[in-house]
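Colleague: Hi, have you got a minute to walk me through this one? I'd like to start with how far to trust the model.

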Amino acid sequence: MAIVATFVLALSLVGGLAKQALADTTPVTSEAELLAAIAAAPADGSQSIVQVNADFTITAPVQVPANKNIRLMGTGTITSAMTGSNFYMFKIASGGAVTLDGATIDGNNTAFAVENRGSFTLLRGVIKNGKAKPTPGNNGVVLTTGAGAKFVMAGGTIQDSTVANALGGAVTVANGATGELRDGNIQNTTLTNQYSGSVMVKNADFTMTGGTITGGDASSTINSSGGLMLYALDPNGETTTATMGGGYITNNKAIDGAGVHIYAGNPQYGDSKSKADFTFNGGSITNNVASESGGGIYVTWNGNVVM
């Protein structure tokens, strides 16, 4: 009898948790409903599920404040209809968090996707057609910037990005932030300005243990990579680091450093202090094509590679 009672209690607890999770899910089908769902989310760091159940457009950046934790799920697509100086579809404040777990964010070639100063995790879903005007500050389709900011990609796809700014990428990690690529695909990025890459890291740390960076094309601009770009240039000195332990960097194009380009501390710009270190512990860097030097890995000035 005691065993039966315990079993019934366990079922009741599981059912209660399931009902609680369901109650915490807010379906949205429009920009107004999305904004209302975020506004109603608790400001205590607990996660709120927002289910994107329809395709709709947004006309202004969606702000995720500190202490809000939003998980975007569903099969709908959120598409940019933004104009003017609104470049990022989602802006995550320091202390805020967003997880993309199934929906699609479509920049519609008018906007970048995410400006992250808190935490952004990509588990499932698609970020596509990211493109913004070449204006200072627009440095990545998914930009993670500032001390304590973190980006984790553990699945999903970032595809068909166009980056016209210097220091830009489909994924940009900068200014003391950290980034991780564990799984998923970053693919088909077009780069038309220098110091850029499908993944661009500046004065920050990036770790790749899985996933794929492929189809990046920086063949029309100097000092860039179709794959992974490490950049460190500041007269006062800055440090950029990246470690690759798994995954694939493949089929990218550039003039120099199609797979990995490491640019650090150019004395011609008064910088002999900055450093950029790339550590290769595993994975694959193959079939990358440079028109001049370094199809796989290219190193300049104070750059360093450990293999």
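Colleague: So what is the mean pLDDT of the chain?

Modeller: This is a predicted model, and the mean pLDDT of the protein chain is 91. A pLDDT of 70 or more is reached by 92% of the residues.

Colleague: Where does pLDDT stay under 50?

Modeller: Over residues 1–23. For that stretch the model has zero contacts beyond four places in sequence.

Colleague: Good to know. Now pockets: how much space lies in the largest one?

Modeller: About 150 Å³. The elements that give two or more residues to its lining are β11 (142–145), β14 (169–174) and β17 (197–202).

Colleague: Which residues lie nearest the centre of that pocket?

Modeller: Asn-139, Leu-143, Thr-145, Ala-174 and Asn-175, out of 12 lining residues.

Colleague: And what is the lining like by class?

Modeller: Mixed: four nonpolar, five polar and three charged residues line the largest pocket.

Colleague: Back to those strands. How many bridges pair β11 with β14, and in which sense?

Modeller: Four bridges, in the parallel sense. Thr-145 stands opposite Ala-174 in β14, and both of these residues are on the list of those nearest the pocket centre.

Colleague: Nice link. Is β14 enclosed or open?

Modeller: Largely enclosed by the rest of the structure, because six of its six residues are buried.

Colleague: What about β14 and β17, how many bridges there?

Modeller: Five, and again the pairing is parallel. As an example, Thr-172 has Met-200 in β17 as its bridge partner.

Colleague: Which residue of β21 does Met-200 partner?

Modeller: Met-229. Strands β17 and β21 run parallel and are joined by four bridges. From there β21 (228–232) pairs with β25 (260–264) in the parallel sense, over five bridges. Leu-228 stands opposite Val-260 in β25.

Colleague: Are the faces of β21 covered or open?

Modeller: Both faces are covered. Leu-228, Leu-230 and Ala-232 are buried on one side, and Met-229 and Tyr-231 are buried on the other.

Colleague: Why do the residues split into two sets like that, with side chains on two faces?

Modeller: Because side chains in a regular strand alternate between the two faces of the sheet. For β21, five of five residues are buried.

Colleague: Let's switch strands. Which way does β20 pair with β24, parallel or antiparallel?

Modeller: Parallel, over two bridges between β20 (residues 217–218) and β24 (residues 253–256). Ala-218 has Ala-254 in β24 as its bridge partner.

Colleague: How many bridges join β24 to β28?

Modeller: Three, with β24 and β28 (residues 289–293) running parallel. There, Lys-253 has Val-289 in β28 as its bridge partner.

Colleague: I also want to look at the loops. Where does Gly-257 lie?

Modeller: In the loop between β24 and β25.

Colleague: Is Gly-257 buried or exposed?

Modeller: Buried, because its relative accessibility is 0%. Not counting residues up to four places away in sequence, Gly-257 touches Ser-224, Ser-225, Gly-226, Ala-290, Ser-293, Gly-294 and Tyr-298. From Gly-257 to Ser-293 the C-alpha atoms are 6.6 Å apart, with the two positions 36 residues apart in sequence numbering.

Colleague: And Gly-283, how accessible is that one?

Modeller: Gly-283 counts as partly exposed, because its relative accessibility is 44%. Its place is the loop between β26 (275–280) and β27.

Colleague: What is Gly-283 in contact with, leaving aside neighbours within four places?

Modeller: Met-244, Gly-245, Gly-246 and Gly-247. Its C-alpha is also 9.9 Å from that of Thr-212, a residue 71 places away along the chain.

Colleague: Last thing, backbone angles. What is phi for Asn-287?

Modeller: Near 60°, which is positive in a residue other than glycine. Asn-287 is in the loop between β27 (284–286) and β28. At 57% relative accessibility, Asn-287 counts as exposed.

Colleague: What is the phi of Asn-223?

Modeller: About 55°, so to speak another positive value in a non-glycine residue. Asn-223 lies in the loop between β20 and β21.

Colleague: Great, thanks for the tour!

Methods
Residues are numbered from 1 along each chain as its sequence is written. This is a predicted model: local features need pLDDT of at least 70, side-chain atom pairs count only at pLDDT 80 or more; totals for chains, interfaces and linings use all residues. Side-chain values use heavy atoms; hydrogens and water are left out. On a 1 Å grid over the protein atoms alone, a cavity is a set of points where a 1.4 Å probe fits but cannot get out, and a pocket is an open set with protein on both sides within 12 Å along at least five of seven lines; lining residues have an atom within 4 Å of a point. Grid points are joined across faces, edges and corners, and a volume is the space filled by probe spheres set on the points. Ala, Val, Leu, Ile, Met, Phe, Trp, Tyr, Cys and Pro count as nonpolar, Asp, Glu, Lys and Arg as charged, and the others, Gly among them, as polar. pLDDT is the predictor's confidence in each residue, from 0 to 100. Contact means heavy atoms within 4.5 Å. Two strands pair if DSSP finds at least two bridges between them. Buried means under 20% relative accessible area, exposed over 50%, partly exposed in between (1.4 Å probe, protein chains only).
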